[in-house]
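Visitor: Got a minute to walk me through this one? I'd like to go place by place.

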Amino acid sequence: MTEYKILPTIQSPADVKKLSLAALETLCAEMRQAILEKVSNRGGHLGPNLGIIEIATALHYVFNSPEDKIVWDVSHQCYAHKMLTGRAFGFIDESRWGEISGFTAPKESPHDMFTVGHTSTSVSLACGLAKARDMQGGKEYVVAVIGDGSLSGGEAFEGLDNAGALGSKMLIVVNDNEMSIARNFGGLYGNLAELRRTNGTAACNYFKALGLEYKYVENGNNLAEVIEALKEVKDCARPVVLHVHTLKGKGYAPAETDKEAFHWSMPFEIASGKLKPFTAAETYVSVVSDYLMRRAAVDDKLAVINAATPGALNLKEFRGRYPEKYFDVGIAEEHATAFASALAKGGMKPVALFFGGFIQRAYDQIMQDLCLDKNPAVFVVENGGISGADVTHTAVQDIPMLSHIPNLVYLAPASKAELLRMLDWALAQSDFPVVIQTSCRQPAVLKYEPRAEIELHKSEVLHKGSRIALLGLGGFLELAEQTADEFAKQGYDVTVVNPRFADALDEALLEDLRRDHDTVITLEDGNLDGGFGEKVARFYGDKPVRVFCFGARKEYTDRVSAEELYQRYELTPSQIVSRIL
C-alpha cells in the first residue's frame, strides 16, 4: 500500500484551505492514487472520480462546506469530496474500506447534502436550497455539480430552465469529460463540442439560451485554473454555469484510453488494467443479451433500446454487431419508454432494457405513453429483487409499482428456459405491453422445471400435494422448492405452483386449490406492500383459506447483505416452515 503524507491529515475542508498550491497538487496526486488502489481491489466508479479531483479540491478550497452547500449529481464523482471532508480513512485504510458508501449520504457526513445515486438531480436540488436560503435571508453559497452525461436527463433540463429564472446567486459546475457512462447521445452534445472548440465563445450557447451566466475552463485538471475560475464566478449575483473540460480517467492510462470500460470496474491489476480473475457465472442479464443477439439475426423488426447502461446490461457486443438495431438514448428513461411505445405503434418489435433500480423514473410514461394505448413494447427490468446493493440501487419496488397499471402484463420467469419462452411469447403477441422482470439471483437449476407453454395469466402446478400450497413467484420458485423439501421432513407433501404472472391471478387455479388446501403461502422477491401476495390474500379474503405472504418489508436498505435480509424477512425454508407449523 502507498504511504500517504498529506491525505491522512485532512480531517475537514478547513485543512484544505491551509495548504499551498504545491501541497494541494500533491494532495490531488495522493487522492488519485488512493482511488486507484481502492477501486482496483474492491471495484467502483473509477474514471469519473479520477477526472474530477481538481474540481472537488478547488471547490473545498474556495467555498466553506457545509455552511456553503455543494450538491453532487449521481455521486459517480464524489470520492475526492468524501476524502476532503474527513473520510479519507475509507480509501487509505484497507480495514475501513467498507465503511464508506460510493454515493453521497447525509448519514455519513453533514457535507453530503442529499442521498444521491440517480442522475440529473443536482440542479433542481440546488435550486431548492437557493430559494430556501433567499426566503430566510441567508447568505451561503449553493453549488450544483453535474456531469455532461447527466445533462441528457429530463430533470437536468428542468433544473437548468428554472435556474435561469431564479434571479439569485447559484453556481452550476458542469464537469464536461465528453462521456456519459458510455458515449454521450443527443443533440445537446454538439453544442458542448462547439463550446469546447471555441473556448466557450460560440455564439450558440445552450446555457445562455436558458438565461444563465456562463464561463468556460478548458483545462479542468489544472488546479490553479479551476481555483481562479471559481473565485471569479462565486459572487455573481445571478445563476452562473462554470463549464469545465476534464479528462475522464485522468492519471491512469488504461482509464484514459478506454473510458467506457473504466467508468465502473470490477477489481483489476493496476499495472496492466486487466480484470482480476473471477468466475463469471451465467446471469439473467447475459441470457437476455444472448437471446437478443440470436433474435437480431433473424428479425428485421427488432429494436433494442437502452438508457446509457450498455456495460451493466451486457449490450456492448450487440451494439457493435447490430448498430442499426441498437438505440442508446442517453440517461433518459422517460424518452426510452415513449420511444419504445411509438416504435411498437409503428410496427416494430422494441425491447427496452432497464436496470431494476431505474425503471421508476419512467413511471408516468409507462402509464400514459405506453399502457393507455396498449402498444406492445417489451420491457426487460434487469437485476430485480432483494440484494445487498446501495440504497439508491435496490430493486424491490418493481412489482408493486408496475403490476397495478391497467393493460400491462408483468411476467416473472423462474428459470433460464422459462425466460426464453417468455421473451418469445412477449415478442410474438401484439395485444399489450409486457414487462419481464429478471432476478439478480443466478438462474436456478430447479427440481420442478416449468414446462408449460406461456398462456396469458395462467399459472402452472409443478407438484401436486395437499393442505399447503406454495406459490413461488419468479426467482423465488427455487425458494418454494426448498421450502417444500423442508415441509417434507415434517411429513407434509405440499403443492408447488409457479405463478408466472405478477399483474393478475389465475383465479381458476386458486379456486381449485380450495378443494384440498387450507393454507396458501406466497413467496416474492420484492416488497410485500402492494405486491403479488396481497392479490392472493385479497382473493381468499372471504374464503376459508389462510394466506401467508413472504417477501421484503417496506424499507430502505443500504448495503445490507441479501443473506441478512433473507433472515430479517423470514425468507429461509426453515423460518417459513417454523412460522406455518
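Visitor: Where is R553?
Guide: R553 sits in the loop between β18 (546-552) and α22 (562-568). Helices here are DSSP runs of H or I with at least four residues, strands are E runs of at least two, and both are numbered from the N terminus.

Visitor: What am I looking at, experiment or model?
Guide: This is a predicted model: local features need pLDDT of at least 70, side-chain atom pairs need pLDDT 80 or more, and totals for chains, interfaces and linings use all residues. Numbering starts from 1 along each chain as its sequence is written, and side-chain values use heavy atoms, with hydrogens and water left out.

Visitor: Back to R553. Buried, partly exposed or exposed?
Guide: R553 is partly exposed, at 45% relative accessible area. Buried means under 20%, exposed means over 50%, and partly exposed is in between (1.4 Å probe, protein chains only). The areas come from the Shrake-Rupley method, where only the protein chains shown count as cover for residues.

Visitor: How far apart are R553 and N527?
Guide: In sequence, 26 residues. In space, 5.8 Å, C-alpha to C-alpha.

Visitor: And L315 against M83?
Guide: Those two are 232 residues apart in sequence and 34 Å apart in space, again C-alpha to C-alpha. L315 lies in the loop between β8 (302-306) and α14 (316-321). L315 counts as buried, at 0% relative accessibility.

Visitor: Switching to charges. How many salt bridges in the whole structure?
Guide: The search finds 35. A salt bridge here is a side-chain nitrogen of Lys or Arg within 4 Å of a carboxyl oxygen of Asp or Glu.

Visitor: Which residue does R238 pair with?
Guide: E213, with the closest N and O atoms 3.2 Å apart. The pair links distant parts of the chain, 25 residues apart: R238 is in the loop between α11 (223-233) and β6 (240-245), and E213 is in strand β5 (residues 213-217). R238 is partly exposed at 29%, and E213 is partly exposed at 35%.

Visitor: What about R321?
Guide: R321 forms a salt bridge with E317, closest N to O 3.0 Å. Both lie in helix α14, 4 residues apart, about one turn of the helix.

Visitor: And R441 with E478: what do they tie together?
Guide: Their side chains meet in a salt bridge, 3.2 Å from N to O. R441 is in the loop between β13 and β14 and E478 is in helix α19 (residues 477-489), so the pair ties together parts 37 residues apart in sequence.

Visitor: Which residues join into one network by sharing partners?
Guide: K82, R87, E108 and D112, through salt bridges.

Visitor: Where is there a patch of negative charge?
Guide: On the surface, where E155, E158, D161, E334, D364, D369 and D373 gather. Patch residues have over 30% relative accessible area and no salt bridge; like charges are joined within 9 Å, and nonpolar side chains (Val, Leu, Ile, Met, Phe, Trp, Tyr) within 5 Å. Asp and Glu count as negative, Lys and Arg as positive, and His and the chain ends are not counted. Each charge is placed at NZ of Lys, CZ of Arg, CG of Asp or CD of Glu.

Visitor: Which element gives the most to the negative patch?
Guide: α8, with 3 residues. D364 belongs to helix α16 and is partly exposed at 46%.

Visitor: Now strands. What does β16 pair with?
Guide: β14 (residues 460-463) runs antiparallel to β16, with 3 bridges. β15 (residues 467-472) runs parallel to β16, also with 3 bridges. Pairing needs at least two DSSP bridges between the strands. E460 has N498 as its bridge partner, and A469 has T495.

Visitor: Which way do the β16 residues point?
Guide: T495 and V497 point one way, V496 and N498 the other, and all are buried. In a regular strand the side chains alternate between the two faces of the sheet.

Visitor: Last topic, backbone oddities. Which bond is cis?
Guide: The peptide bond joining S65 and P66, with omega about 5 degrees. P66 is in the loop between α4 (53-62) and β2 (69-72).

Visitor: What is the phi of V74?
Guide: About 60 degrees, positive although V74 is not a glycine. V74 is buried, at 8% relative accessibility. H457 also has a positive phi, near 55 degrees, and is partly exposed at 21%. Most residues other than glycine have a negative phi, and most peptide bonds are trans.

Technical notes: Accessible areas come from the Shrake-Rupley method with a 1.4 Å probe; for residues, only the protein chains shown count as cover.
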